[in-house]
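Grab a pencil and work through a few exercises. Each one sets a task and then walks through a solution.

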Amino acid sequence: MKAQIPTSKKSSRRNFFSKAALGVSGAMLATSYDGLAESIEKTPKASAPSDLKITDIKCGFIRGEHSLFVKIYTNQDIVGHGQAVDGVYGTYYVVNHLAQRHLIGQNPLNIHRLQEEMRRGGLFKGAQAGMYVCVMTAIETALWDILGKALGVPVYQLLGGKFRDNIRVYCDTAGSRLEPEEMGRRAKEDVDKYGFTAVKFDIDDRGDPNKLDPYNWSVSIPELRRMEAQIAAVREAVGPDIDICVDCHGRFDEAAGMKIAKALEPYNLMWLEEPVPAEVPASYARIRASTTTPICGGENWYLTYGFREAFELGAVDVIMPDLQKCGGLGEGQRIANLANTYNVPFAPHMVASYLGAMSSAHVCAAVPNFLILEWQIYFHKNEMFNEIVTFDGPMLTEDGHIPVKNVPGIGVEINEEGMRKYASPGIPFFK
Ligand code: MG
């Protein structure tokens, strides 16, 4: 149906986005979008998906190389946007390698095939976990953005449609590792000010004077008492109906994990996160069997393969893949669906940006077992997060939910100019 493609692809694309821009409020967007049938009807006018080709991939790093942003360019002026975090230090050349080896010249709509070619092509280069998978994640996410823009549908629709319109989030607070009273005060402030119904605090503290030494991660009795006092203060401050998560960052040994989980039982946690290192899922399973405190893990597991053992062992009550690390949005959905077969709820980790948050929200909308998504208090305190991306409509409701964007693709784009001043020095920025 090539004849139906507008002669000026550029003007077609402009109209496409001006339509999205007109619906500036979430409510307007929601009512203007009637679903898959309407989008299929529009598809031949939007682009010629079968003729799409990847022409270039560029990237930028910010936050001291904590965050990788990629843009995938095509021969039809459609650009895909994606992000990865954590395991992306020093990966500029990995992005370029994957672009040259597996992507440029390919049709970007074959997402699963391209993902599998990158993964299998990297089996001896570290494609099981870590940096290689993080880079794949940013690329895979940008491919979903292209597919949505090419077909005129939101990513959640491409993932099979949505179970829900709004994604409940919990706030990772800035109130960790503080005196109990201050932790409680900050928890209450976040709940009252932003409408969050769940909060998270860190209780692992390398600087605790009651630690045996900085390398031993047993837990001493005074340390345990400090942790209990902190979480008791948070529970007291927020009341019985707000969910509380507690993060240990995978630091403790197994006996310590058991003691911490047991000590926090009276506070009805939503979960205790990564009590022990991620490398030993069986240790999670033994801790889980020892306590009524729900155990959560997954932010340092990669690809569906990397999660399988945890489910087989019954290691977690809640699974928390990071969708900016674990392999991408399709991979996140596969992990959620695998979790669902083990009756485990899905609560993605998220330390990215509004692009990462909205990318994750599309997956959360499209799986039945979604529980809650992470949100960061620093979004409210650091103007950088507004400068580095663009989007229309609200990002967060007053009661702590992300309304999933009803626009083609992800609905949040990289603002290259706004991001430039934050670029990590010494690394080419979108060149
Ligand atoms: Mg964590």
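A residue is called buried under 20% relative accessible area, exposed over 50% and partly exposed in between, using a 1.4 Å probe and protein chains only. This is a predicted model, where local features need pLDDT of at least 70 and side-chain atom pairs count only at pLDDT 80 or more, while totals for chains, interfaces and linings use all residues. Residues are numbered from 1 along each chain as its sequence is written, and side-chain values use heavy atoms, with hydrogens and water left out.

**Exercise 1. Find the protein donors of the magnesium ion and say where they sit.**

Step 1: Donors are N, O and S atoms within 2.8 Å of the metal (3.2 Å for Na, K and Ca); water is not among the atoms, so sites may look incomplete.

Step 2: Asp247 (OD), Glu273 (OE) and Glu299 (OE) fit, lying 2.0 to 2.2 Å from the magnesium ion. Their spacing in sequence reads D-x25-E-x25-E. Asp247 belongs to strand E6 and Glu273 to strand E7 (residues 271–273), so this pair ties together parts 26 residues apart in sequence. Helices (H or I, at least four residues) and strands (E, at least two) are DSSP runs, numbered from the N terminus.

Step 3: Check burial. Asp247 is buried, at 3% relative accessible area, and Glu273 is buried too, at 0%.

**Exercise 2. Which residue meets Glu273 in a salt bridge?**

Step 1: A salt bridge needs a side-chain nitrogen of Lys or Arg within 4 Å of a carboxyl oxygen of Asp or Glu.

Step 2: Lys200 is the partner, with 2.9 Å from N to O. That pair links distant parts of the chain, as Lys200 is in strand E5 and Glu273 in strand E7, 73 residues apart. Both residues are buried.

Step 3: Now try a pair within one helix. Arg186 and Glu182 form a salt bridge at 2.8 Å, N to O; both lie in helix H8, 4 residues apart, about one turn of the helix. Arg186 counts as partly exposed at 26%, and so does Glu182 at 25%. The two belong to a salt-bridge network with Arg185 and Glu189.

**Exercise 3. How far apart should the ends of helix H9 be?**

Step 1: The expected span is 1.5 Å times one less than the number of residues.

Step 2: H9 has 18 residues (221–238), which gives 26 Å, and its end C-alpha atoms agree at 26 Å apart.

Step 3: Look just past the end. Gly239 follows H9, with a positive phi near 85°.
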